[in-house]
Amino acid sequence: MLSVDYYSPSNHPITTEEHAVSTTLEAAVPLRTRRPSPLWLVLIATALPMFMATLDNLVMTNALPVLHSDFGASVEELQWFMNAYTLAFASTILMAVALGDRFGRRTVFVIGIVVFTLSSALAALATDPGQLIAARAAQGFGAAAIMPLSLTLLAGAVSPARRPLAIGIWGGVAGLGVATGPLIGGAVIEGWAWQAIFWINVPVGVVSVALALLALPNGFGARLRADVVGLVLSGLGLLALVYGIVRGNDAGWSSFEVLGSLVAGGVLLLAFLVWEARTPAPLLPLRLFRDRSFTVANLAGFGFSFGAFGSIFILIQFLQVVQGASPLEAALQTSPWTLAPMVVAPLAGAFAGRIGTRALIVAGLLALSGALFWLTQLLEPGTEYSAYIAPFIVAGVGMGLVFAPSATAVLATMAPDDHAKASGTNSMLREIGVALGIAVSTAVFTGAGGALTPTEYGAGAQPAVAVGAAVLLASALLALLLPAGRAAPAVIAATSREGELVH
């Protein structure tokens, strides 16, 4: 693909892609009347809270066995520690964007930081599983305001010439938060206590509020009526669906509790779709799904999150419960998996325009599926750690090949005015995939006789990870339906960074 260099006022060359995304973002950003803040201050003000929220997506994974011991938490409660966050985030991210447009993006961003910070303190003070689950849900609500608005505020606070550099740094920080979440969580838990993974958010949150008020303009967008009905229907529907899956093995799949929850969830989600088709300002514009690239990329992204993160939930506990690793050791042992996307994802984003997103996404999903099937053959108490290194690397490479190209495919043929809604929808569906993946993997784990003991964990872990691998394989086959053409440069530039927003 021919690449033309443009030059910023500082005579620094920027590529066609960076020029295009700068132009697109410039058109969407209102003019500022205040004196612009220094670039370094704007980056810290937007990236610091975003890093905090990204970190907490996976920072708890290494704490789960410790929480099982300290709280006597059941397997069901352990998954709610994770899913309370992801469900709250997924169900309110689009609403947070709409509220930011209406009441001021910085205002909603700061409110999100405050909610996240206070709920982090409540999580650290929790004395039983119910309190911790409630605090994690509140964290998710705060993160839903932080994550999407941080990029919008960054774009509005820097000059068009410096915007590509700023977005690139922002994207790198987002990827760092995902990659280092288990490592930081393991180190903090081992050096102090599980409560510390939440306490460290408090001073960061206080500083972030001050920086946001100091450095960021309070931009506004289209002031559409908030789709409260859509928010309630989708949130309750997802909650009922996940609750039914979680309770299936304990209460019985034919029980009124489980069947009633599953049916209620299905009815509420159907009502949500009917409402979204009729309301003038929908939370989720269904017309976007008329686009093949958007629809297939979102479905494949949902399957990716479902299979990958449901399996990670099972595997990282295996290293501690069965192999006897400490939280920090388990984090270090999985680092070939979690760190590989930091190297591979930028390369995949760079090559997406040359070889097309379909080839990269299909290859990544197949590699990840194969790695998980490989790991199912190794989940035995006597397996040496060295046997896990190769499949961990393959899994990490597979994830890296999916991240940026899948986000690119989502926006490949979208009109610029639809980019925010389309990207938000993609983030929402991937978070729903995480929640459902953890719920289904745990249901398979307990249904196969798995328990949190060294002798019984493997019996449930093998079929649970195999289900994740099968979902990823099906997603790879589905991704073959993506258009084969190469993505537009402007989309590649924008989404190679935006694709790192959630994972």
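Of the 503 residues in this protein, 59% count as buried. The model is predicted. Its secondary structure comes to 19 helices and two strands. The accessible surface is about 18,900 Å², and carbon and sulfur atoms hold 69% of that area. Contacts reach far along the chain: among those between residues at least 6 apart in sequence, 83% join residues at least 24 apart.

**Four residues, by accessibility**

The table sets out four residues from three helices, with the helix and the class of each.

| Residue | Helix | Relative accessibility | Class |
|---|---|---|---|
| Ile 93 | helix 4 | 1% | buried |
| Gln 317 | helix 12 | 3% | buried |
| Ser 335 | helix 14 | 14% | buried |
| Leu 347 | helix 14 | 49% | partly exposed |

The classes follow from cut-offs. Buried means under 20% relative accessible area, and exposed means over 50%. Leu 347, at 49%, therefore counts as partly exposed. Ser 335, at 14%, falls under the 20% limit and so counts as buried.

**Helix 14 and the nonpolar patch**

Helix 14 spans residues 335-355 and gives the largest share of a nonpolar patch, six residues. The patch lies on the surface and is formed by Leu 176, Leu 339, Met 342, Val 343, Leu 347, Phe 351 and Ile 355. Together these residues have about 600 Å² of accessible area.

Ser 335 is also found in helix 14. What does its side chain reach, and at what distance? The side chain of Ser 335 reaches the backbone oxygen of Leu 332 at 2.6 Å.

**Helix 12: Gln 317**

Helix 12 covers residues 292-321 and holds Gln 317. With a relative accessibility of 3%, Gln 317 is buried, because the class takes in values under 20%. Which residues touch Gln 317, once neighbours within four places in sequence are left aside? The contacts are Leu 64, Pro 65, Leu 78, Val 322, Leu 452 and Tyr 457.

**Helix 4: Ile 93**

Ile 93 has its place in helix 4, residues 75-103. Its relative accessibility is 1%, so Ile 93 counts as buried. Not counting residues up to four places away in sequence, Ile 93 touches Ala 144, Pro 148, Gly 424, Ser 427 and Met 428.

One of these partners has a distance to quote. Ile 93 and Pro 148 are 55 residues apart in sequence, with their C-alpha atoms 7.3 Å apart in space.

Key
Residues numbered from 1 in each chain as written. Predicted model: local features only at pLDDT ≥ 70, side-chain atom pairs only at ≥ 80, totals over all residues. Heavy atoms only, no water. Patch = residues over 30% accessible without salt bridge, like charges linked within 9 Å, V, L, I, M, F, W, Y side chains within 5 Å. Areas by Shrake-Rupley, 256 points an atom, 1.4 Å probe, with all protein chains shown as cover. Salt bridge = Lys/Arg side-chain N within 4 Å of Asp/Glu carboxyl O. Helix = DSSP H or I, 4+ residues; strand = E, 2+ residues; numbered from the N terminus. Buried < 20%, exposed > 50% of the residue type's maximum accessible area, 1.4 Å probe, protein only. Polar contact = N/O pair within 3.5 Å; in protein donor to acceptor, adjacent residues only side chain to side chain. Contact = heavy atoms within 4.5 Å.
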